[in-house]
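Trainee: I have a model open and would like to talk through the surroundings of its ligand. Can we put it on screen?

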Amino acid sequence: MSNAYIDEFPAEAKIVRAAFYSSFLALALGGVFGIIQTLHRTDFLRFIDSVDYYTVLTAHGVFLVISFTIFFLVGIFTWAITTSLDRGLEDIRFSWGWYSLMAVGITLTGVAILAGFTDATDISASVLFTFYAPLQAHPMFYLGLVLFVVGTWLAGADWFRSWWAWKTENPDERIPLPTFMVLTTMLMWYIATLGVAVAILAFLLPWSLGWIDTVNPLLTRTLFWFFGHPVVYFWLMPAYMMWYVMLPKISGGKLFSDPLARVVFVLFLVLSVPTGIHHQYLDPGIAEGFKFIAMTNTMFLLLPSLLTAFTVVASMEHGARQRGGEGYFGWLKALPWRDPVFTGMALAGLMFAAAGFSGMINAGMNINYLVHNTFWVVGHFHLTVGTAVALTFMAVTYWFLPQVTGRALWNRSVALGQVVLWFIGMTFMSNAMHRGGLLGIPRRTAEPQYEGFEFEAAVGSVAELDAQIALGGVLLTLSLVLFFANVIGTALNGKSDSLPANGYAETLSGPEDAPLVLDNLKLWTAIAVVLVIFAYTFPLLSIIERGGLFGPEVIPFPLTLESVTTVGIALETVATETVDGATSALVGVIR
Ligand code: HAS
Ligand code: CU
């Protein structure tokens, strides 16, 4: 008998496994839509109608950034809580309850999207993952999202419950680091999802049901981004957790600093939400000052990632030196590059360094005007969520699958090839997307080429960019095929009793070095809430004041509008008078 996770926590291992398999199903579906649209957009292979492009894009976005990521992270969070507190979940039926709610929810949402491909029903939801009004989806789409999110809230409650139970038995102990990371992430998530809950329950769902006639699109958009920015950290923080508690161990060493890791997660809790307006720099109707505040907060929010770059690389270096690595850079060679779990995570980190730079560029209010709504942004998020997060999740799958199934990994070389292929494919695709964006090539369209207009490339050509994007997309698809081969191969493998023991990295500087105040979750939550109130009250009030709670008269340029109306009316009067005069003159002539 080994000490794998499934041996320690057989009931919890089933939940984690169910979450992983749900996540992989979404990954497979999302991947299929991904390659369809890459080849369509770049005009290499077209078999869907361009009219269906939004449906494909919605399926790609929702299956990947909502179902794949979130199902996977509830799996690793369950693992993190049980492993680090060394206790099972309080009531496994409750845990199956939240899992089922999430599964039912996303099925409703998914069916609503896929129904858009057939005319057999009226159901459709081709609204993209941002579901901006006035795009409207069938009520089932919104309802499914609500159930899914409520499922994640209950999952969080489950983990908090475990922690409270543990705390009464261990009143004087520090919160174990993985648990600390789960709790801070969930607190951030509770605050963030309030935005989308209000957007859906108060406005979009009633509107889609026909209970209200109109919505104020700027209001629902702003509520979406209240959630839409922090959701990216809901994907990232579990990946960071893996870089902190897994990567150092796999590199052969220890985590450089537990206190610094706590600081990072506290910073994310405090700063993730009051930044959402950086997605709306080009939205008319939000004053520049509010945008400036969002930009300032965003720049502060770089800090936890920069700290992470330092801590994680320092831990890797420590590991490499334990393995005999030497020199300024020579230690890099001593890292376990043949281990797909390591290499996948390291390459994900490397790409995230580039992703961070494109993020900083996005975040600049003025330079954002250059890249907003272009292919650049698509390049940015394929490096962040599409690589830093997705590649980390795939890499750690090779460690987790044996832990939760009790079966050895089917093929390590295929796994290594898979993570490297993802890196290469994404290098081609995201680099070309960034470059394309700088030429002004728009995102979210099946027909990026305007009639009678040529995008001028400073270096190379648009055809070359398209070729790189298509090539990248094909390599990514191949990589996914290899990934699923391993998942299925492992599931079919016989049981193994020589699996590595469950566990995570030790630390060089442990929690005893961390100030106690870091574990004061109430304090950080209170600060986070205050910052959100500061950042959002005035923008929301002014949007409601001008456009009304239910719209529809959103006034785009309040300052110039008055004069525009005056000039408009004056012009109209002059024009009518002229036409009238001309008509009567003409009539006179004819008579
Ligand atoms: Fe972003 C748009 C700004 C991070 C996702 N972002 C998006 C969209 C998505 C997304 C999906 O300010 C598009 C939404 C849509 O559909 O419209 N983003 C940022 C900034 C950051 C950032 C400042 N984004 C993310 C993450 C995402 C994500 C993380 C998903 C997981 N983003 C923006 C802005 C927009 C935007 C604007 C709107 C653009 C527009 O106009 O529409 C920062 O958090 C980035 C900080 C990161 C760093 C990098 C640190 C480096 C590390 C690597 C260490 C290296 C290792 C490896 C471990 C400062 C941690 C070492 C290896 C060895 C071998 C040694
Ligand atoms: Cu953002």
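Mentor: What follows is a short talk about ligand 1 and its surroundings.

Mentor: This is a predicted model, in which local features need pLDDT of at least 70 and side-chain atom pairs count only at pLDDT 80 or more, while totals for chains, interfaces and linings use all residues. Residues are numbered from 1 along each chain as its sequence is written, chains are lettered from A and ligands numbered from 1 in the order in which they are written, and side-chain values use heavy atoms, with hydrogens and water left out.

Trainee: Which protein donor does the iron atom of ligand 1 have?

Mentor: A single one, His380, through NE2 at 2.2 Å, where donors are N, O and S atoms within 2.8 Å of the metal (3.2 Å for Na, K and Ca), and sites may look incomplete since water is not among the atoms.

Trainee: And where is His380 found?

Mentor: In helix H15, residues 375–405; helices are DSSP runs of H or I with at least four residues, numbered from the N terminus.

Trainee: Other metal, then: what separates the iron atom from the copper ion?

Mentor: The copper ion, ligand 2, is 4.4 Å from the iron atom of ligand 1.

Trainee: Which polar contacts does ligand 1 have?

Mentor: Taking pairs of N or O atoms within 3.5 Å, a polar side-chain atom of His372 lies 2.6 Å from an oxygen atom of ligand 1, and one of Asn368 lies 2.8 Å from an oxygen atom of ligand 1.

Trainee: Which element gives the most to the shell?

Mentor: H13, with 10 residues, counting a residue as near if one of its heavy atoms lies within 4 Å.

Definitions and conventions
Helix = DSSP H or I, 4+ residues; strand = E, 2+ residues; numbered from the N terminus. Polar contact = N/O pair within 3.5 Å; in protein donor to acceptor, adjacent residues only side chain to side chain.
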